[in-house]
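Please look over the structure shown here and follow the account below, which begins with one loop, moves on to a helix and its contacts, and then turns to the chain as a whole.

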Amino acid sequence: MGRSSDIIDRVAAEQNVPAKLVRAVIQVESAYNVRAGSPKGAMGLMQLMPATARQYAVADPYDPASNIEAGIKHLKSLL
């Protein structure tokens, strides 16, 4: 989780979203499996749906940095 943890801490602080919440979402959504996918089409650590990935210009939803950054931004919009 090393690199992912650094990304979570940095982006969560930038977006003013609790890092603990981000970690909980990742644990529930993908159990930290970067290749996780769902039957509904959700992808990666934070289980981004294709439309959400497009909304945040994510080229590769399985890239941990891109997935976490978009996922945190989306989570912020929901909070």
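Ala31 is found in the loop between α2 and α3, the latter helix covering residues 50–55, and in this predicted model Ala31 has a positive phi of about 50° although it is not a glycine. Most residues other than glycine have a negative phi. Gln47 is found in the loop between α2 and α3 as well, and the phi of Gln47 is near 55°, again a positive value in a residue other than glycine. With a relative accessible area of 12%, Gln47 is buried.

A further residue of interest, Gly44, is found in the loop between α2 and α3. Is Gly44 buried or exposed? At 0% relative accessibility, Gly44 counts as buried, because the cut-off for burial is a value under 20%. When its neighbours within four places in sequence are left aside, Gly44 is in contact with Ser30, Asn33, Val34, Ala36, Pro61, Tyr62 and Asn67. One of these partners, Asn67, is listed among the buried residues of α4. Between the C-alpha atoms of Gly44 and Leu75, which stand 31 residues apart along the chain, the separation is 15 Å.

**Helix α4 and its partners**

Helix α4 takes in residues 64–78, which makes 15 residues, and from its first C-alpha to its last it reaches 21 Å, close to the 21 Å expected at 1.5 Å a residue. Which residues of α4 are buried? They are Pro64, Ala65, Asn67, Ile68, Ala70, Gly71, Ile72 and Leu75, and the buried residues of this helix pack against α1 (2–15) and α2 (19–30).

Two of these buried residues can be followed in detail. Ala65, which lies in helix α4, is buried with a relative accessible area of 19%, and, not counting residues up to four places away in sequence, Ala65 touches Arg3 and Ile7. Leu75, also found in helix α4, is buried with a relative accessible area of 13%. Leaving out residues up to four places away in sequence, Leu75 touches Val17, Leu21, Val22 and Val25.

From the side of α1, Gln15 offers another view of the packing. Gln15 has its place in helix α1 and is buried, with a relative accessible area of 16%. Apart from its neighbours within four places in sequence, Gln15 is in contact with Ile72, Lys73 and Lys76, and of these partners Ile72 is among the buried residues of α4.

Pro18, in turn, is found in the loop between α1 and α2. At 47% relative accessibility Pro18 counts as partly exposed, because that class lies between the burial limit of 20% and the exposure limit of 50%.

The table below sets out some C-alpha separations, each with the spacing of the two residues along the chain.

| Residue pair | Spacing in sequence | C-alpha separation |
|---|---|---|
| Pro18 and Ala42 | 24 residues | 22 Å |
| Leu75 and Asp63 | twelve residues | 18 Å |
| Gly44 and Leu75 | 31 residues | 15 Å |
| Ala65 and Leu45 | 20 residues | 9.6 Å |

**The chain as a whole**

How many helices does the secondary structure of the protein chain come to? It comes to four helices, with zero strands, and from the N terminus on the elements run α-α-α-α. The radius of gyration of the protein chain is 11 Å, close to the 12 Å that the globule rule gives for 79 residues, so the chain is as compact as a globular protein of that length. Along its principal axes, the C-alpha trace spans about 30 × 25 × 20 Å.

Of the 79 residues of the protein chain, 41% count as buried. Among contacts between residues at least 6 apart in sequence, 35% join residues that are at least 24 apart. The surface that the protein chain exposes comes to about 4,500 Å², and carbon and sulfur atoms supply 54% of that area. As for charge, the protein chain holds 9 positive and 7 negative charges, and the mean positions of these two groups are 5 Å apart.

Technical notes:
Residues are numbered from 1 along each chain as its sequence is written. This is a predicted model: local features need pLDDT of at least 70, side-chain atom pairs count only at pLDDT 80 or more; totals for chains, interfaces and linings use all residues. Side-chain values use heavy atoms; hydrogens and water are left out. Helices (H or I, at least four residues) and strands (E, at least two) are DSSP runs, numbered from the N terminus. The radius of gyration is taken over C-alpha atoms; the globule rule is 2.2 Å times the number of residues to the power 0.38. Buried means under 20% relative accessible area, exposed over 50%, partly exposed in between (1.4 Å probe, protein chains only). Contact means heavy atoms within 4.5 Å. Accessible areas come from the Shrake-Rupley method with a 1.4 Å probe; for residues, only the protein chains shown count as cover. Lys and Arg count as positive and Asp and Glu as negative; His and the chain ends are not counted. The place of a charge is taken as NZ of Lys, CZ of Arg, CG of Asp or CD of Glu. The expected span of a helix is 1.5 Å times one less than its number of residues.
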